[in-house]
Amino acid sequence: MTGQLATVEQQIAEAEQIQWPRPDIGDDHVAWMDQEWSKARTEVYIKALALHQQAVMGAAHQFMCNLSLACAVMQSNGFTNDGRLVAWQTFFLVIPVVSSSFASISRMFSGIGKEALGWAIVDEAGQALPQAAAGLLQRVKYAVAVGDPMQLQPVDTMPKPMRELLASTHHLQHLGLESENMQALVDYQTPCGLLDETDDHWLGMPLVVHRRCDEPMFSICNDMAYSGRMVRVGPEHQPCAYPSGPHAGDELPVSCWYDVPPNSGETGRMQWRPQEGYELHKRLCGLFKGGIDPTNILVIAPFRAVANQVRDAFADALRQCTGCSSSEANQLASSQAGTVHTSQGREADVVFIVLGSRAGRRGEGSRSWVNGSPNLLNVAVSRAKRRVYVVGNLADWKNGTYTFRIAKSLPVEANAEV
């Protein structure tokens with residue numbers, strides 16, 4: 001045993017002396033792959049495609065028959081399970097990747113048995129309920145879940161006590177509070193990862209490189225939702241200038257918080273505050289007159305009552321400042337303004353977050369809901385690539401768990417028209 005240990009120690013010492021080639025790291029490379037490895041892998045892949053092509057061309061008649069069968073299988077249930085499997089296997093041999101919703105899996109792959117297919121890649125797994133993915137997962141051998149549990153959670157109509165009861169009854173270890181989405185469920189089954197110190201959750205193989213947002217959006221989200229573990233790639237600031245108008249060539253105002261305090265006549269009976277609408281309208285008109293494309297602007301709100309009103313403000317600014325017809329303005333507003341939930345998966349150079357909420361103590365409940373977790377505000381802020389403008393009453397929002405972090409990171413511009 002002593003001799004074996006000495007041999008291993010010698011091998012380690014020799015390995016430490018080797019000058020391993022440094023990988024060429026860039027946007028088209030990964031840290032563990034050098035150029036020689038990358039070139040060899042590419043060549044093998046191209047040869048495999050050529051072999052694949054020859055296999056199809058060498059059995060062209062059989063492939064044509066099976067592909068015709070696949071088309072028929074998609075439109076009818078009158079086939080045996082074996083026939084369906086053959087049809088799909090041929091289809092995937094020619095078209096390796098298909099896209100589907102969870103709701104369509106039971107009809108699309110009807111008759112396909114357990115682990116009959118190869119891989120499933122679940123995108124936006126943080127928004128998927130685990131039970132919604134069950135029909136897909138039982139039909140594949142392997143699955144990769146890609147998602148962010150720190151963004152919006154899926155809507156689950158099953159009460160948490162019921163989910164816990166099912167887990168206990170069927171001896172399922174991970175169907176409790178930590179499994180509100182598929183990403184969390186898969187994370188708990190992934191041995192490689194890290195423990196998030198913020199909420200003591202295990203993260204399976206976390207992707208930490210971020211490329212979309214400029215500062216300060218990146219740092220706000222990194223501090224608010226990711227415990228500072230994210231790494232930004234690229235310059236901190238990308239130019240964002242007015243293309244035309246009186247300020248052509250000038251940079252847009254820096255990201256900031258437009259403070260809209262309550263006026264003397266405000267009753268605090270509604271989440272929507274008209275003075276925030278006036279502020280939004282003024283800022284949008286400035287951007288439109290400067291030639292900023294409306295499709296590069298998103299206006300989002302945490303509450304539906306506020307979102308309905310900002311949509312009208314967006315359309316009105318379009319009509320006044322761009323010459324859009326009412327129908328065009330309304331259509332654009334419906335696309336570019338709405339709730340945070342409707343903005344998930346989208347991005348824009350400029351994002352306005354109109355907070356709303358009733359002033360003072362009457363709005364404490366709604367503000368507490370927004371600050372209940374970082375997810376909602378993380379999505380809102382991270383939609384912005386170049387600028388984020390928050391419109392709201394700073395005095396009401398500055399003490400929230402997460403809106404506090406936004407407020408401390410943005411300069412404040414007070415509204416003088418109170």
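Begin by selecting Phe63, Ala70 and Val73 in helix 3, three residues that are buried in this predicted model. Viewed around the helix axis, these residues cover an arc of only 80 degrees, which means that they lie on the same side of helix 3.

Next, extend the selection to the whole of helix 3, residues 60-75. The helix has 16 residues and spans 23 Å from its first C-alpha to its last. That reach is close to the 22 Å expected at 1.5 Å a residue.

Which residues should be selected on the face turned away from the buried side of helix 3? His61, Met64 and Gln75 are found there, and they are exposed.

To see what the buried side meets, display helix 2 (35-58) and helix 4 (81-94). The buried residues of helix 3 pack against both of these helices.

Now move to strand 11, residues 384-392. How many of its 9 residues are buried? The count is 8, so strand 11 is mostly covered, with buried meaning under 20% relative accessible area.

Keep strand 11 in view and add strand 7, residues 256-259. These two strands pair in the parallel sense, over 4 bridges. For a specific position, select cysteine 256 together with tyrosine 389 of strand 11, which stands opposite it.

Finally, add strand 10, residues 348-354. Strand 10 also pairs with strand 11 in the parallel sense, here over 6 bridges. Select valine 351 and then its bridge partner in strand 11, valine 388.

Notes
Residues are numbered from 1 along each chain as its sequence is written. This is a predicted model: local features need pLDDT of at least 70, side-chain atom pairs count only at pLDDT 80 or more; totals for chains, interfaces and linings use all residues. Side-chain values use heavy atoms; hydrogens and water are left out. Buried means under 20% relative accessible area, exposed over 50%, partly exposed in between (1.4 Å probe, protein chains only). Two strands pair if DSSP finds at least two bridges between them. The expected span of a helix is 1.5 Å times one less than its number of residues. The arc is that of the directions from the helix axis to the C-beta atoms. Contact means heavy atoms within 4.5 Å.
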